[in-house]
Amino acid sequence: MSDLMPNLPNQTPNYYTPETNSEASFHPERPIKYKPVNESVKVYVWELPVRIFHWVNMLAIILLMITGVYIGKPFASASIPEEAYYSNLMGWMRYIHFFAAFLFTVNLLFRLYWVFKGNKFSTSNPLRWVFWKEVFQTIKFYLFLKNKKPHYIGHNPLAQLSYWIFIGLGSWIVMLTGFYMYTEPQHASFWGKLFSWVPYIFGGDSYTIRSWHHLAAWGFMLFTLIHVYMAFRDDYLERNGSISSMLTGYKVEPKKLVGGKDEK
Amino acid sequence: MKRQKTVYEAAIDHGFTRRDFLKMCTALAATLGLEYTQSDKVVKAMETNTRVPVIWMQFQDCTGCSESFIRSSQPKTESVLLDMISLEYSEVLSAPSGFQVESSMEQVYKDYKGEYIIAVEGSIPDDDSFLSVGGKSAKDTFIKMAEGAKAIIAYGSCSSWGGVAAAYPNPTGAKPITAHVKNTPVILVPGCPPIAEVMTGVIAYIITFGKFPELDHLGRPTSFYRHRIHDKCNRRAYFDAGLFVENFDDEGAKQGYCLYKVGCKGPTTYNSCAEMRWNGGVSYPIQSGNPCIGCSEKGFWDNGPFFERRAKIPGTQTTINPDEVGLAALGLTAAGIAVHAAGTVVKKKKDDKRGEEE
């Protein structure tokens, strides 16, 4: 860790004089701390389609969660009482939920395609022994234990594993059970028949399928919480621009990680 | 094999006119979900089909299904019992009892093997000591009779899914009748009890056409179990509007709002209560202000409190509310993250300090 975060030298930059601008002339007795970035490179990690997927996915999940919680337990009633005619609160919630569900699905199918099309950071292979060895090291790293976790440009193996569980498995549970419930009023229709096999894997009755949908949704909530925390934590520890890389695609990494040689 | 009277002959014998008979057939066609133009098919079937011998067996039940059956308005129970079928054995309706009635079951087995239909009410326990009828193991009797039957109708949730007796912890080891049937076709007519008109309608269809109506993936007739209560509910508009009963004594309950929040299982229940209704189409639970308890669904006793809407953790009892578990897990995770974040900052500060010293 210490080689990545060297003691910052106190230097006054020589390319400006205190008179240059308001910032430079501001508190000259408090010098700027910086470190040279010559040994670093900007790595193009997240390709544009991956970034678009990520934010569309976030939007869809937020919409799905808010409307989903309402559908499961309507926490607010329509403001106009007595007549059902005047409001359509649950109707709108369901409409948005279904809209976001389709967005989520199409987005995920596109991402699945990009697994094959994209760069190496857009895919993962858990069927390698080294993957699991490094998962173990990463767990030790997160438990503040002594570890041999290498630095990764993309996702660490534990993060990859969590995507396998939550995106690879969780979203399929949520999508299949969701689409089954969506087509429940019309089993005999084309779309109904498309999902008619879902009960066989999730245990028969509508109630159980609905329960799986709930459980997977809670899984997503847990995942979101941990995922966001981990992202900010990584940015804080590594100072490599994890957060901004989700928008720009670039991360600042030591040159040696991309195969370049240290010039020192 | 003895020759049975045709349904038409039986009806004429019972003093009905041909006109009455035709009326009955038309009404029956409507109940079966056929078009008016197809009622001649029903007439033809009734004129040529002989009355089918039926054995009504009761196992771990409450006789509720029989009680429902005898209240059918269309087709009328008496026209089913007297004209369409020949009820050879029934613990509730048979006039004889004891050896006499038990021997008539034997007689049917001998005379009409491969021809008779069994209607079953109630679940079958694994342990014979919980259930024997006429001194014989009910399970053995059923297995023997089922082999010789043309078809089996499972009336009610107990015979279809195990029902009340199979509810956790299932002390008798109750199983649905399908667990003991090998090659005989079974049609499930679940419900606790099923709607009377559905019960008579199913048997009328089988007798009219000599085959089962179209069945869904669980073996229920699609004509009666195709729709969710929720999708046909008379209170559905209040659901979409977001107007819910919060308590049974609030204004919403008086106004007839949606019962979703007081535990209505309509959204996960397949039955035709909302269309056929009960007691000759008078009303049904939701219309009367009580949430649906989902009585026609598999394991409905274990699907949570009747007056609370919740999901379950598959494989567990619904005494655990997954939404509460989820919320608790979320809270714990948030607390864990706070601790972990604090640890991360402390560790980083320590590492940085060590870096400075080196």
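**Exercise 1. The A–B contact**

Work out how many residues chain A and chain B each put into their contact, and which element of chain A gives the largest share.

*Solution.* Keep in mind that this is a predicted model.

- Step 1: count both sides. Chain A brings 42 residues to the contact, and chain B brings 43.
- Step 2: look for the elements behind the chain A side. Helix 2 (89-117) and helix 7 of chain A each provide at least two residues there.
- Step 3: find the main contributor. Helix 7 of chain A has the largest share, with 16 residues.
- Step 4: sort the chain A side by class. You get 22 nonpolar, 15 polar and five charged residues.

**Exercise 2. The layout of chain A**

List the helices and strands of chain A in order, and find what percentage of its residues count as buried.

*Solution.*

- Step 1: tally the elements. Chain A has eight helices and two strands.
- Step 2: walk along from the N terminus. The elements go β-α-α-α-α-α-α-α-α-β, so to speak a run of helices with a strand at either end.
- Step 3: check burial. Chain A has 264 residues, and 19% of them count as buried.
- Step 4: check the contacts. Take those in chain A with a separation of 6 or more: 63% of them link residues 24 or more positions apart.

**Exercise 3. Two helices crossing in chain A**

Describe how helix 4 of chain A passes helix 7 of chain A: what are the crossing angle and the handedness?

*Solution.*

- Step 1: compare the axes. Those of helix 4 (residues 157-182) and helix 7 (residues 206-238) of chain A come within 9 Å and cross at roughly 150°.
- Step 2: assign the hand. The crossing of helix 4 with helix 7 in chain A is left-handed.
- Step 3: pick out the contact residues. On helix 4 of chain A they include Phe166(A), Gly170(A), Ile173(A) and Val174(A); on helix 7 of chain A, Trp212(A), His213(A), Phe220(A) and Phe223(A) are among them.
- Step 4: classify them. This helix 4 to helix 7 contact in chain A has 13 nonpolar, six polar and one charged residues.

**Exercise 4. The sheet of chain B**

Give the strand order of the five-stranded sheet in chain B, and say which strands stand at its edges.

*Solution.*

- Step 1: trace the order. The sheet is open, with its five strands arranged 2-1-3-7-9 and paired in parallel.
- Step 2: find the edges. Strand 2 (85-90) and strand 9 (186-189) of chain B each have a single partner strand, so one side of each lacks a neighbour in the sheet.
- Step 3: note the twist, which averages 20° from one strand to the next.
- Step 4: zoom in on one pair. Strand 7 (residues 151-155) and strand 9 of chain B run parallel and are joined by four bridges. One bridge partner to spot is Val186(B) in strand 9, which goes with Ile152(B).
- Step 5: check the faces of strand 9 of chain B. Val186(B) and Leu188(B) are buried on one side, and Ile187(B) and Val189(B) are buried on the other, so to say both faces are covered.

**Exercise 5. One side of a helix**

Find the buried residues of helix 7 of chain B, and explain why they sit on the same side.

*Solution.*

- Step 1: list them. In helix 7 (residues 138-148) of chain B, the buried residues are Ala138(B), Lys139(B), Phe142(B), Met145(B) and Ala146(B).
- Step 2: view them around the axis. They cover an arc of only 135°, so they share the same side of helix 7 of chain B.

**Exercise 6. Backbone oddities in chain B**

Locate the cis peptide bonds at Pro169(B) and Pro193(B), then place Thr63(B) and Arg277(B), with their positive phi.

*Solution.*

- Step 1: start with Pro169(B). The bond from Tyr168(B) is cis, with omega near 5°, and Pro169(B) sits in the loop between helix 8 (156-161) and strand 8 (174-175) of chain B.
- Step 2: move to Pro193(B). Its bond with Cys192(B) is cis, with omega about -5°; the loop here lies between strand 9 and helix 9 (196-209) of chain B.
- Step 3: take Thr63(B). Phi is near 65°, positive in a residue that isn't glycine. Thr63(B) belongs to the loop between strand 1 (52-58) and helix 4 (64-69) of chain B, and counts as partly exposed because it has 14 C-beta neighbours inside 10 Å.
- Step 4: finish with Arg277(B). Phi is about 60°, again positive without being a glycine. Its loop runs between helix 13 (273-276) and helix 14 (322-357) of chain B, and 18 C-beta neighbours inside 10 Å make Arg277(B) partly exposed.

Key. Residues numbered from 1 in each chain as written. Chains lettered and ligands numbered in written order. Predicted model: local features only at pLDDT ≥ 70, side-chain atom pairs only at ≥ 80, totals over all residues. Axes fitted to C-alpha atoms, helices over the stretch in contact; angles between N-to-C directions. Left-handed = near helix turned anticlockwise from the far one by under 90°. Contact = placed C-beta atoms within 7 Å. Nonpolar A, V, L, I, M, F, W, Y, C, P; charged D, E, K, R; others polar. Pairing = 2+ DSSP bridges. Buried ≥ 20, exposed ≤ 12 C-beta atoms within 10 Å, placed from the backbone. Arc of directions from axis to C-beta.
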